[in-house]
2 protein chains.
Amino acid sequence: MKTSGTLLLPLFAPRGIAVVGASHDPTKLGYGLARNVVQSNYQGVVHFVNPKGGSLWGRPIYSDVTQVPDPVDLAILLIPAPAVKEVLVDCGERGIPAVIIGSGGFRETGPDGAKLEQECLQIAQHYSMRLVGPNCIGFLDTHLPLDATFLSPPGPTPGDVAFISHSGAICAAVIDWARGQGFGLSRLVSLGNQVDVNETDVLKPVAADPFTRVITLYLEGVSNGRRFIQEASRITQEKPIIALKVGRFASGRRAVSSHTGALAGQESAFNAAFHKAGVIRAETSEEMFDWARSLAWCPPPEGRSVAVLTNAGGPGVTASDALETHGLKMAELQENTQEALRRLLPPAASLHNPVDMLASASPEQYAACLRILLEDPGIQSVLVILPPPPMFTAGAVARAIIPVIHAAVKPVVVALMGERLIQEAVEHFRAAHVPEYRFPERAASALAVLAQRAEYLTRISASQAISTQVILPNINPQGVKEILVKQQKSVLSQESLQRILEAYGIPVPPQALARSPKEAVDLAQRFGYPVALKVVSPDISHKSDVGGVLISLSDEQAVLHGFDTVMENARTTSKVANITGMQVQKMIPPGQDVIVGVVQDLQFGPLVMFGSGGVEVEELKDVSFALAPLNLEEVEYMLESTWAGRKLHGYRNLPPADRQAVIDILLRFSRLTADFPELVEIEINPLRVLPEGKGAWALDVRGRLV
Amino acid sequence: MKTSGTLLLPLFAPRGIAVVGASHDPTKLGYGLARNVVQSNYQGVVHFVNPKGGSLWGRPIYSDVTQVPDPVDLAILLIPAPAVKEVLVDCGERGIPAVIIGSGGFRETGPDGAKLEQECLQIAQHYSMRLVGPNCIGFLDTHLPLDATFLSPPGPTPGDVAFISHSGAICAAVIDWARGQGFGLSRLVSLGNQVDVNETDVLKPVAADPFTRVITLYLEGVSNGRRFIQEASRITQEKPIIALKVGRFASGRRAVSSHTGALAGQESAFNAAFHKAGVIRAETSEEMFDWARSLAWCPPPEGRSVAVLTNAGGPGVTASDALETHGLKMAELQENTQEALRRLLPPAASLHNPVDMLASASPEQYAACLRILLEDPGIQSVLVILPPPPMFTAGAVARAIIPVIHAAVKPVVVALMGERLIQEAVEHFRAAHVPEYRFPERAASALAVLAQRAEYLTRISASQAISTQVILPNINPQGVKEILVKQQKSVLSQESLQRILEAYGIPVPPQALARSPKEAVDLAQRFGYPVALKVVSPDISHKSDVGGVLISLSDEQAVLHGFDTVMENARTTSKVANITGMQVQKMIPPGQDVIVGVVQDLQFGPLVMFGSGGVEVEELKDVSFALAPLNLEEVEYMLESTWAGRKLHGYRNLPPADRQAVIDILLRFSRLTADFPELVEIEINPLRVLPEGKGAWALDVRGRLV
């Protein structure tokens, strides 16, 4: 049923609307809805429906939906939950393609409500209707225009930020709050219980709106992780998406049997998913909308070098701190930039970055200095700081610099400091779509997100030019299938796991069973010395405890002697007769030990972890995550965002390790787990990485099936 | 000259003021100053001074300060810089004890200005006058009242937050901005160039103000680190101090020769100083004042368990996330709490935490549920979320819950969501001194800081009850003095460093020079096997390169044989004859390796570092800092805030290490560096910590003198 967004067109551009539950009574939500639809200046036809009949604002109230004349593309229901099913059938019979159920009283109230909700879905599916809600605030589009919510007026200012939300209360708050923050909304969708239409379904039609420049999401989860990534990735190539994902600490812990499982919470999966899809994750509501404004109104910067223009020292220092905290760089001004500034400013002004024009700075100086900074090729964006200049008004400065900002191809944001004394300036900037923030810290964060977005656009255009598809030779899915099909238990044996890795071309130390000292020597010579010997017996589980393991045997003599020693130890200590033979295993020289693991995330599928290995993985937390299947860019990102990965380049007296081998193994491992989702957890720890050109070996592996 | 704050009394409670530079001309700052002093309803006597004479607002303008009648405790100068010296002399002759120089044109303009500033200081010192400024906005007290700034009206609302600032522009912005944020100021001091009075001088008199409940600081540095800590520690026992310290990335890197030096930036020192003094560090301006309100208006919570009361699910989830992010806990509601809530709320309401009363929640329900939550002994603070309830006004809810909040002994903060629809509620809460924030995230952060403050108060009252002074036996400063006095070079030799550590009772592996195989065996027997042998020769610097080192010699035979081998290796490989003998060193068994280091911070003195040792210290960054001399609480804090320290308790198959030995060594090390500030850098890496009861050994140490 849930297919492409085009089926949602009737919802987003209805030719006619039926308001079911329209009411005369101003205390009823149905009154508010009818009022909003009419007052929002909607250009289509509006029909009211209420079994009581009558008329409202000179329009007839039809007693049921079947009587409503054409055209009706959308019905909005605000009626008691028990009445919804019957009205849905009427809508279906009437051929209405989209229905918003605003009413509560469904899944959120318990099992009976959940059952009712499912019955509604069945009716909708029977008639191929799409349902939004139930238990939602509805939908609005400030440009169509249409306000199909029941909220108290005034509705939002028209703007370019779209908001899609799992919470109705937050929709109501954001509509009201946005007005005070000086930005407008384009489209807003409240999704409610999502019995049918979910956050992913509406992404594409919302993004298709030409007035929408940024999409903001309040998410309590996603309905289908893979589909979300797919849809979002397409959209972020054109328009930025910012998500506030909550419910961080909500989910119970799964049973896990690996370090990867312990570290890979739902949040790592969401972060990896957002990274893959180019979705920007905000940590707070205010941050999301701070960023939305700069993303909607500023061009992308060409890099991270920022100039700060101020009329006072303190705010300038605060700004530099904040910029560096957010990973931006203070630009170095070119000589001729400084020369040009010097001609304009008093001798005590600071011509370095931050450029401090001093408290006497006039609107004309603000404008001229800003123009000079924007011409410096080493400056990629500018943060203008505006505490009210003592001798001028902030409003006059705003009027002077807005034309300069509009003429620029580089982003400029403004930190306005104060309240009453800056009010006029605030209004000028908002009207001119120049992002303004209180204090420099939030302005710095808004510039940083512009740089992040610009880098993402560069990265995806590069990866479209050069295909990052990697051909991995020597992959044998059939081999893995054969191993897995025979498994009886959830926990896989070391031997099975090693064979699985080998089938995907991941090196494990060569090893084989020797039944005699002679065979052991032959194997050792084949693998190369040194080797280890481990007793193999169905009756011995803890080999070391019975003296059943010898390591670092470096020649024929040692292997011959060792075979007998281990055999005797095992016989005398464990008192068993049933000894199959001796595992001969090549010993791998020292190197850099890392961990590579995967867990299958319920939402997003295989989530790959890379980082510092050993037993302290969970405490060091030097790990990064990405969703399989990995591409080369993602592997690079994983490596470079951990110390374990950066160290592979070499560090002090540690020689460079075989980084290429790690990349190859990560790609193979990712492919393996994508091919076999029944491998719910699998972890190589340690993966020993030898010096450059010498490869990497999976020294230990653990894993389990569903 | 710079002594206690009592000398500043004339500044903070002047009986009479001379405004020097008072002007008729509204475009002059001297006009603004005269206006503010008069209009602020100051109860003392105000005199105007200007060489031009005349009168202003019916008061005479004296042509110079000497003519001003009694009483005059404070002169405020807003005159051109070149005229300041002469007026200062007049002030001195007139016996005026305190002067604010608002004028610019001093150090901030270059060397000539700096010279002028110093000359002003000399005049002030000659007359025992205290100087505030120059280049500052001045001072105000909303309760005295007195506005001695030249800023445009309106001045700040009276309130309970004091603000001390190194930046005048930020003062101006904060005065204006505070009004819009709904909090008032008590005292504000703009410090300017601080030629005399600095941030530490004004701490005590500002804190002494009975109207001041919280002190906020905008700092670009501190003038004397140790004195700042001393003064601030005394004040934070009574009133909270919040500091925004900027200039984080400003300072150039010092030359360093240790890991400690590389990691111990100015910021680590400031963080350690703030920790020691109980000063709360804010990261942004908004955060500082968000916190100031909750600290000024709320009682301290008894713990970190918080209940969330909401009328909608989404904001509740957002709040839980934010609370957990800030280290608070979602309280578990007691059975009878849930029962009481059940009786009040509709069946679909959520009786778990967050308590979701649903959108129908009335003002009475808000009040009753809040009262129930506050009675639950497991709940230590409450976050009330208030998106405008669809059927009621937020203002009505505010009116209903304010009496409940006022009656409570537990802190309650409110997250109001929206703008126009919540305006009335905002005003009610502000008037009632209930901290309110937009969106739950900032409210959660304000609750977290209350918990932090409460924990600090508990900690200091505990440490006052039980003296944390530790007696360290076997400390021999004389021994260290003798070693240091002989040093020619900055870099200390391994041997000197080991003797220094030994003098302070820090174990180093026993070692001594053997001139013959026999002596080597005697030493080995005395130290205990195994031992290492290292050739000693003035001509050999890289011992290993010439085969001059043998390790793990575990019996007499090995030592005798080893002595000859090393001797021969050294002779043949290095071709030198001058071999003093052989260093015999006890070998320390494996253990947990940590790093302990100190650098002398220019501001704060010895800054001790503890953490994960080895060569990757700077990359792992698993370190913590504290300022010497350390007390036991600080040592515990250092250990527990690093993985290296937590691991000492044991981890998986790693046995517990001798944590007591580490604590003892940290205390001794801290004492050493406090006693000998000329040791500018000293670092033990690794300090090997053996299993419980077996001690810890400084395996390697490096250090240098000034």
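Which loop of chain B holds N474(B)? The answer is the loop between α16 (439-465) and α17 (477-485) of chain B. Keep that residue in mind while we look around this model, which is a predicted one.

Let us begin with the overall layout of chain A. This chain has 24 helices and 30 strands, and its C-alpha trace spans about 100 × 80 × 40 Å along the principal axes. Of its 706 residues, 59% count as buried. Looking at contacts in chain A between residues at least 6 apart in sequence, we find that 71% join residues at least 24 apart.

Now turn to the place where the chains meet. Chain A and chain B bury about 5000 Å² between them, and carbon and sulfur atoms account for 61% of that area. The contact draws on 58 residues from chain A and 57 residues from chain B. There are 19 residue pairs in polar contact between chain A and chain B, counting pairs with both residues at pLDDT 80 or more. On the side of chain A that touches chain B, the elements giving two or more residues include α5 (168-181), α10 (285-297) and α16 (439-465) of chain A. The largest share, eight residues, comes from α5(A). By type, the residues on this side of chain A divide into 25 nonpolar, 12 polar and 21 charged.

Charged side chains deserve a closer look here. Side chains of opposite charge can pair when their charged atoms come close. Across the interface of chain A and chain B there are six salt bridges. In one salt bridge, R442(A) pairs with E286(B), and the closest N and O atoms are 2.9 Å apart.

From the interface, move to helix α3 (residues 81-94) of chain B. Its 14 residues should span 20 Å at 1.5 Å a residue, and the end C-alpha atoms are indeed 20 Å apart. The buried residues of α3(B) include A81(B), V84(B), V87(B), L88(B) and C91(B). An α-helix has 3.6 residues a turn, so residues three or four places apart point the same way. Among the elements that cover the buried residues of α3(B) are β1 (16-20), β5 (74-77) and β6 (98-101) of chain B. Just after the helix comes G95(B), with a positive phi near 80 degrees.

Two salt bridges lead outward from α3(B). In one, R94(B) pairs with D70(B), with 2.9 Å between the closest N and O atoms. Because R94(B) lies in helix α3 and D70(B) in the loop between β4 (59-62) and β5 of chain B, the pair ties together parts that are 24 residues apart in sequence. The partners differ in accessibility: R94(B) is buried, at 18% relative accessible area, while D70(B) is exposed, at 63%. In the other salt bridge, K85(B) meets E119(B), the closest N and O atoms being 2.7 Å apart. This pair links helix α3 to helix α4 of chain B, with their positions 34 residues apart in the sequence. Both residues are partly exposed, K85(B) at 29% relative accessibility and E119(B) at 22%.

E119(B) also has a partner within its own helix. The side chains of K115(B) and E119(B) form a salt bridge of 3.2 Å, N to O. K115(B) and E119(B) lie four residues apart in helix α4 of chain B, about one turn of the helix. K115(B) is exposed, with a relative accessible area of 55%.

Finally, consider the backbone. Most residues other than glycine have a negative phi, and most peptide bonds are trans. Back at N474(B), phi is near 55 degrees, a positive value in a residue other than glycine, and N474(B) is exposed, with a relative accessible area of 63%. S128(B) likewise has a positive phi, about 55 degrees, without being a glycine. S128(B) sits in the loop between α4 (111-126) and β7 (130-132) of chain B and is exposed at 53% relative accessibility. As for cis peptide bonds, one joins N353(B) and P354(B), with omega about 0 degrees. In chain A, a cis peptide bond joins D70(A) and P71(A), with omega about -10 degrees, and P71(A) is in the loop between β4 (59-62) and β5 (74-77) of chain A.

Methods:
Residues are numbered from 1 along each chain as its sequence is written. Chains are lettered from A and ligands numbered from 1 in the order in which they are written. This is a predicted model: local features need pLDDT of at least 70, side-chain atom pairs count only at pLDDT 80 or more; totals for chains, interfaces and linings use all residues. Side-chain values use heavy atoms; hydrogens and water are left out. Contact means heavy atoms within 4.5 Å. Buried area is the accessible area (1.4 Å probe) that two parts lose on being put together, summed over both. A salt bridge is a side-chain nitrogen of Lys or Arg within 4 Å of a carboxyl oxygen of Asp or Glu. A polar contact is a pair of N or O atoms within 3.5 Å; within protein, one must be able to donate a hydrogen and the other to accept it, and residues adjacent in sequence count only if both atoms are side-chain atoms. Ala, Val, Leu, Ile, Met, Phe, Trp, Tyr, Cys and Pro count as nonpolar, Asp, Glu, Lys and Arg as charged, and the others, Gly among them, as polar. Buried means under 20% relative accessible area, exposed over 50%, partly exposed in between (1.4 Å probe, protein chains only). The expected span of a helix is 1.5 Å times one less than its number of residues.
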